[in-house]
Every structure is written in structure tokens, then in C-alpha cells.
Amino acid sequence: MRHIAIIGSGPAGYYTAEACRNIFGETARIDVIDRLPVPFGLIRTGVAPDHQSIKAVSRRYEAVALTDTVRFVGNVRVDRDIDIAELQTLYDAVVIATGAPQDRPLAIDGADLPGVVGSAQFVGWYNGHPDHARLNPPLNGTHAAVIGNGNVALDVARILAKTPEEFAGSDIVAHAREALATSHIRHITIVGRRGPHQIAMTPKELAELGKLKRAGAWVDPADLPEVSLDAALEPGLRKSVALLREFATDAAPDKAVTISFDFFAMPIAIEGDGWAERLIVERTRLDDKGAAIRTGDPYAIPASLIVSCIGYQTPPIKNVPYDGKGGRFVSDEGRVAPGLYCVGWARRGPTGTIGTNKPDGVMIADKIAQDIGNASGKQGRVGLDALLAERGVEVVTFRDWQNIDAEEIARAPEGAPREKFTDIAEMVKAAGKAS
Ligand code: NAP
């Protein structure tokens, strides 16, 4: 028997579990460990609540989780309840699939002012991640700025702009639904340090901004490159730029909320008297390699809420080599050392779609197959259970999660798929574990 532990139950974790199950079948036992009592990581707390069709992929992970050889071991935190060295003693292979749940820091003056939040916090808030459910972002001002030109910036701007009715059918959590319903924000500026040809926004996601009930998107035509230059773009990007061109034709969208794109604007400081009041940016131009160069021409964008959507990083784990600059683990294509691996965002950084994790999982399963023998005599899950019981850790199983799931579905408002628990103690209670 082979024993495999996967840390993290998001897409990277479950695609790796699926690939290992496919390779080893009955000859391996696979434990998927998560620090939360609920599975699916980014699918539950990262993907936007109004993107339910993307979240449907969790059914595939559920099918893997319900296989006899695969187990979910929730509410177990590495470096608190157990460490990597202990897991390596118990398992033939340990795979780190912890994603990139932390914000890359916005390293400018004033970034610590109240009103400035990272996208991991803000997205975690509206998705009910227990770490961020109490964020309470200020929505009492009229102006917000969203820094970054990726899909997360689009998610954040869209969620800020939607009417309560537009959240019908989503699983946005109650506290965010209620706060957004009384939000005063009417002007949202999406700030990019480079230009329309350098955006990381995909066309489907960008098109959604053009279909909002009370919000209109606007691009300053002066920021758009000459139209003939679009021909050289990769087709997806060309479609996105075509959408920006459409947004530029509507001089002043006749809507209650405006979403303006401010390109060639490098954030340099945040100012305010005790809280954020404005984002100071400096005009940029692009050098011949496409990098943003500051031009010494600053101006202010009013904003009492500033959401920085500039990428994520993986938190380090004790005794695992870590690349601080890249915000991920050091590995040779996922092999940290024989028997220790990283996969998904923890391996490659926060890029790619959910599906990108599938080939990543297969690659890691192949490496495990190359590295480990048939039977090492390690204890695997028996040893883990004994150690966690000795330490008084309250493990949540997949069966327990199904209790939580049923309760979240039962308490959903009309038309919504679920009302999530946002607190670990509540989740454990709903699992039937505590009184
Ligand atoms: P991203 O796509 O890497 O975009 C990050 C943005 O932040 C870039 O525009 C980048 O500009 C900008 N940026 C970085 N550092 C900055 C700084 N110091 N000042 C100003 N701007 C800065 O990251 P993301 O939006 O967090 O998305 C992460 C991944 O999740 C992506 O692969 C994304 O496609 C995916 N995702 C997909 C969906 C979806 O499909 N619906 C939704 C959400 C996320 P530069 O280009 O100039 O560096």
C-alpha cells in the first residue's frame, strides 16, 4: 500500500487526488487535508458568487472525494496541528496544494490606511471565508478604486456595482448582500499601470461589465492604441480590447453607477485624514519592452474604498523551501524533494484558470509514481488519526461536510443555492461535531 497526503482541497488538491487515484487505484490511500472544515478551496471562497456555473466543477471533486480510497480530513491545520516532517514520516508522498490565499502587498505609502483592502480580503468577505467574514469594508463613500487589470479586478468592480436583484441565484453571503444593498458607491475606477493592450482580463468576464443593470463601463478613447495595432494581438486579448473600444464609444453612460477604466496610471500613494480618501497615481508610458515608466505627472483619484487586485501569494510552510519574490514554493516542476511536492498556485504562482490545475495534478501524480515504491511500510492515515486524536484535533470528514452542505442548502434564501456558514465553530457545529 502507498500512502499519499495532499494538503489543500481546492482544484489543485482534488485534481491531484483524482490523478493519483487513476494511477494507483486500490494500491494507494489518499488523504486530502484542509485547514477549513469545508472542502473545495478557491471554488467556495475565491470564484465569484454570481459565477455559479464555474462552481459546478465541485461536483467532479465530490465524485473523487467519495471514492473509497480518498478521504477528506478537514479542520486540520499544517504548522498548528501537524507539521510537514511528521506528515513525511507517515506518508510516502506529501503534496502541498495550498493555493495562494494571501494578497501580494501593495507597497506604497498609505496602503495601511483604513479603507484599503486586498482582493483576498475583499473576495473572502463577500464569499464568506472565515478569515475575512468580519472585514466590514467601508461602503459609505461614493467613490471606490480597484487597482489591477486582471479578472479579479473585474470580479470586484462587478460585485460593487450590482443591484440586489442581480445577486439572485448567487451564493453571496448574507452580510455582504446586506451591506452592498445599502452601498453608497457610485463611481468605481479600475486602475491599470499599463494600457489596454496589456490587460489580463478575459473577454467573457469583461463583457459582463457591459450588461449590468444600473452600471455603465467607460474607457477614455484617448487611452486606446491605434485600432490597426489590435490585429497583432492574441485572439482572446483582441476580443477584450474590442470590448474596451465599445466602452469608449459611450461618452457618459446614462447609469446610476459608472465603472471607469483609468489606464497608464501607476499607484504611488494613498492619502487621507485617518482613512483612505484618494489614490495618488502617476501617468505612465510604456518602454519598448512594454514595461510601465513613470512620467512625473501625478494626479488624484477620489476613493474611500481601495481594493488592490494585484495578485496573490502562497504562505510559507515551516521547513519547505520558499521563493519570497515569487510568493510560492521552490521546486523542480513541482518536485520539492522526492516524496515532497507542490502543485497548482503553490507551485507556479497565481496564474491560469481552474482547468490549468488538471494537467498540473497529472504531472505531480506521475512524479510520485516515479519516486515512490510499492510499499514503504509507512502508517498513512492510521498514524495520522492517532496523532490528531492525541492532540485533540476535531477532524471533519467528507460525511460531516455533507451535513454542513445540507444545512447551508436548507437555510438558503429563496432562489439561492446555499447560505454559507462563515465561521469555523458554526461549520463544526453544523457538521454534528459540537454542541
Ligand atoms: P492577474 O491576472 O495576474 O492580474 C494582476 C493585475 O495586477 C495585472 O493587471 C498587473 O499589471 C497588476 N499589478 C500587479 N502589480 C501591480 C502594482 N504594483 N501596481 C499596479 N498594478 C499591479 O491576477 P488576478 O486578477 O489576481 O487573477 C489571478 C488569476 O485568477 C488569473 O489567472 C485570472 O485569470 C484568474 N481568475 C479568473 C477568473 C475567471 O475566469 N472568471 C476570475 C478571477 C480570477 P501588470 O500586467 O502591469 O503586471
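This briefing walks through the ligand site, the aromatic pairs, the cysteines and a few individual residues of the structure above. It is a predicted model, where local features need pLDDT of at least 70, side-chain atom pairs count only at pLDDT 80 or more, and totals for chains, interfaces and linings use all residues. Residues are numbered from 1 along each chain as its sequence is written, and side-chain values use heavy atoms, with hydrogens and water left out.

**Ligand site**

- The ligand is surrounded by 20 residues, where being near means that a residue has a heavy atom within 4 Å of the ligand.
- The closest of them are N149, N151, R193, R194 and G352.
- Sorted by class, the shell has nine nonpolar, seven polar and four charged residues. For that tally, Ala, Val, Leu, Ile, Met, Phe, Trp, Tyr, Cys and Pro count as nonpolar, Asp, Glu, Lys and Arg as charged, and the others, Gly among them, as polar.
- Helix 7 (residues 151-161) gives the most to this shell, with three residues. Helices here are DSSP runs of H or I with at least four residues, strands are E runs of at least two, and both are numbered from the N terminus.
- Which residue puts a polar side-chain atom 2.8 Å from an oxygen atom of the ligand? That's R194.
- The backbone joins in too: a backbone N or O atom of N149 sits 2.9 Å from a ligand oxygen atom, and one of V152 sits 3.1 Å from a ligand oxygen atom. The cut-off for a polar contact is a pair of N or O atoms within 3.5 Å; within protein, one must be able to donate a hydrogen and the other to accept it, and residues adjacent in sequence count only if both atoms are side-chain atoms.
- On its own the ligand has 910 Å² of accessible area, and the protein covers 76% of that. Those areas come from the Shrake-Rupley method with a 1.4 Å probe; for residues, only the protein chains shown count as cover.

**Aromatic pairs**

- The count comes to 13 aromatic pairs. Rings of Phe, Tyr and Trp (its six-membered ring) pair if their centres lie within 6.5 Å; planes under 30 degrees apart are stacked, over 60 edge-to-face, and the rest tilted.
- Y14 and Y61 make a stacked pair, at 6.0 Å centre to centre with 10° between the planes.
- Y14 belongs to helix 1 (residues 11-24) and Y61 to helix 4 (residues 58-65), so this pair ties together parts that are 47 residues apart in sequence.
- Both Y14 and Y61 are buried, a label for residues under 20% relative accessible area, with exposed meaning over 50% and partly exposed in between (1.4 Å probe, protein chains only).
- F40 and W401 go edge-to-face, at 6.2 Å centre to centre and 90° between the planes.
- That second pair links distant parts of the chain, 361 residues apart: F40 is in the loop between strand 2 (28-33) and helix 2 (41-45), while W401 is in helix 14.
- F40 is buried at a relative accessible area of 7%, and W401 is buried at 3%.
- One aromatic cluster takes in Y14, Y15, F40, Y61, F72, F398 and W401.

**Cysteines**

- How many disulfides does the structure hold? The answer is zero, with a disulfide taken as a pair of cysteine sulfur atoms within 2.5 Å.
- C342 is in no disulfide, and its nearest cysteine sulfur, that of C20, is 14 Å away.
- C342 lies in strand 19 (residues 340-342) and counts as buried because its relative accessibility is 0%.
- The C-alpha atoms of C342 and I364 are 7.9 Å apart, with their positions 22 residues apart along the chain.
- C309 is buried as well, at 9% relative accessibility.

**Backbone oddities**

- Most residues other than glycine have a negative phi.
- N136 isn't a glycine, yet has a positive phi of about 55°. N136 sits in the loop between helix 6 (119-126) and strand 7 (143-147), and is exposed at 62% relative accessible area.
- E333 also has a positive phi, near 45°, and is found in the loop between strand 17 (328-329) and strand 18 (335-337).

**Two aspartates**

- D400 is in helix 14 (residues 398-410) and is buried, with a relative accessible area of 10%.
- A polar side-chain atom of D400 lies 2.8 Å from the backbone nitrogen of T397.
- D171 is in the loop between helix 7 and helix 8 (174-181), and counts as buried at 3% relative accessibility.
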